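Dear colleague,

Please find below the structure I promised to hand over, followed by my notes on what was found in it. I have tried to keep related points together, so that you can follow them with the model open beside the text.

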Amino acid sequence: MEALKAVSVSKKFGQEKVLSDFSLTLEKGSFEALMGPSGCGKSTFINLASGLIGIDEGEIFIGDERVSSMSDSQAARFRRRHIGIVFQDFNLLESKNAKENILLPLKLDGAKIDAQINSRLDRLVDALEIAEVLKKKPFELSGGQKQRVALARALLTQPDVVLADEPTGNLDVNAARDVCAVLKTLNALSSAAILLVTHDPFVASFAQKVNFLKNGAIVESFETKGDPTLISRKYLEVYG
């Protein structure tokens with residue numbers, strides 16, 4: 001079953017065409033990486049797929065829903081319920097503690113925090129090993145802890161798709177490795193498809209498959225085999 005499908009997507013900013021005839025399909029439960037140098041359109045696609053910006057041409061579906069045709073209010077509601085987003089800069093509210101940040105999308109959607117949701121939260125907290133930070137504010141957390149909290153927030157709503165935009169970009173090597181390992185573990189435990197945006201072959205090696213983005217479109221896709229050396233070699237072949 002398809003969790004995400006982009007068909008012939010194009011997007012311009014002014015006269016600059018960032019995406020051109022971009023197509024990508026993620027199956028339910030898959031874990032794929034989208035790679036390319038800075039400015040090639042990776043984050044633009046994340047913003048389009050999550051309904052944060054409008055599309056110029058083409059279509060994007062999350063499950064059976066056409067995100068690309070939604071109004072801003074429809075997209076916001078759909079995003080809270082069906083899409084988990086993980087940002088490079090965490091996007092945690094400094095005025096709220098970790099638990100409050102995790103629950104925020106559900107609160108904004110008017111959901112009742114019942115026993116079922118609390119049970120789901122407990123499982124995520126255990127998997128992410130963040131029980132000791134739940135009452136702490138973001139300024140009290142390390143970068144790795146902040147990103148684990150952000151992952152919990154993204155997954156608590158049981159989304160169809162998790163869009164992770166350079167989630168290790170602000171982390172040191174050890175924290176980046178930990179976050180990637182957690183993503184891989186959570187993917188095995190969840191039915192959500194994960195799209196990981198990165199330019200780092202080591203980070204991409206945790207995904208099952210890599211897609212190279214160049215000149216606005218996917219130019220090569222292959223299984224990673226968990227091998228960053230393979231990814232690095234192919235990256236150099238494509239981008240020089």
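**Salt bridges around Asp109**

Asp109 forms a salt bridge with Arg81, in which the closest N and O atoms are 2.8 Å apart. Since Asp109 lies in the loop between α3 and α4 while Arg81 belongs to helix α2, the pair ties together parts that are 28 residues apart in sequence. Please keep in mind throughout that this is a predicted model, and that the distances below are computed from it.

Asp109 also forms a salt bridge with Arg80, and here the closest N and O atoms are 3.4 Å apart. This second pair again links distant parts of the chain, with Asp109 in the loop between α3 (98-108) and α4 and Arg80 in helix α2, 29 residues apart. Arg80, Arg81 and Asp109 are thus linked in a network of salt bridges. As for solvent exposure, Asp109 is partly exposed, with a relative accessible area of 24%, Arg80 counts as partly exposed at 27% relative accessibility, and Arg81 is partly exposed with a relative accessible area of 41%.

The count for the model comes to 5 salt bridges. One of them joins Glu220 and Lys234, whose closest N and O atoms are 3.4 Å apart. That pair, too, links distant parts of the chain, because Glu220 is in strand β10 (residues 217-223) and Lys234 in helix α8 (residues 228-239), 14 residues apart. Glu220 counts as partly exposed, its relative accessibility being 24%.

**The helix that carries the two arginines**

Helix α2 has a buried side as well as the arginines described above: Ala75, Ala76, Phe78 and Arg79 are buried in α2. The buried residues of this helix pack against β4 (57-62), β5 (65-66) and β6 (83-86).

**A buried aspartate without a salt bridge**

Which side chain of opposite charge is nearest to Asp165, a residue that is buried yet has no salt bridge? It is Lys42, which is 7.0 Å away, and because a salt bridge needs the nitrogen and the carboxyl oxygen to be within 4 Å, this pair does not qualify. Asp165 is found in strand β7 (residues 161-165). What its side chain does have is a polar contact of 2.9 Å with the side chain of Ser43. Leaving aside residues up to four places away in sequence, Asp165 touches Ser43, Ile46, Val86, Phe87, Gln88 and Val197.

**The largest pocket**

The largest pocket has a volume of about 460 Å³. It is lined by 23 residues, of which Gln158, Pro159, Ser190, Ser191 and Ala192 are the closest to its centre. The elements that give two or more residues to this lining are β1 (2-13), α2 (72-82), α4 (115-128) and α6 (173-189). The largest share of the lining, 4 residues, comes from α4.

**Strand β10 and two unusual backbone angles**

Ile218 is found in strand β10, and at 22% relative accessibility this isoleucine counts as partly exposed. Not counting residues up to four places away in sequence, Ile218 touches Phe22, Ser23, Leu34, Asn211, Phe212 and Leu213. To place Ile218 relative to the network described at the start, Ile218 and Asp109 are 109 residues apart in sequence and 35 Å apart in space, C-alpha to C-alpha.

Two further residues may be worth a look on your screen. Asn91 has a positive phi of about 55° although it is not a glycine; Asn91 is found in the loop between β6 and α3 and counts as partly exposed, at 37% relative accessibility. Lys225 likewise has a positive phi of about 55° without being a glycine. Lys225 is found in the loop between β10 and α8, and with a relative accessible area of 73% this lysine is exposed.

With best wishes

Conventions
Residues are numbered from 1 along each chain as its sequence is written. This is a predicted model: local features need pLDDT of at least 70, side-chain atom pairs count only at pLDDT 80 or more; totals for chains, interfaces and linings use all residues. Side-chain values use heavy atoms; hydrogens and water are left out. Buried means under 20% relative accessible area, exposed over 50%, partly exposed in between (1.4 Å probe, protein chains only). Lys and Arg count as positive and Asp and Glu as negative; His and the chain ends are not counted. A polar contact is a pair of N or O atoms within 3.5 Å; within protein, one must be able to donate a hydrogen and the other to accept it, and residues adjacent in sequence count only if both atoms are side-chain atoms. Contact means heavy atoms within 4.5 Å. On a 1 Å grid over the protein atoms alone, a cavity is a set of points where a 1.4 Å probe fits but cannot get out, and a pocket is an open set with protein on both sides within 12 Å along at least five of seven lines; lining residues have an atom within 4 Å of a point. Grid points are joined across faces, edges and corners, and a volume is the space filled by probe spheres set on the points.
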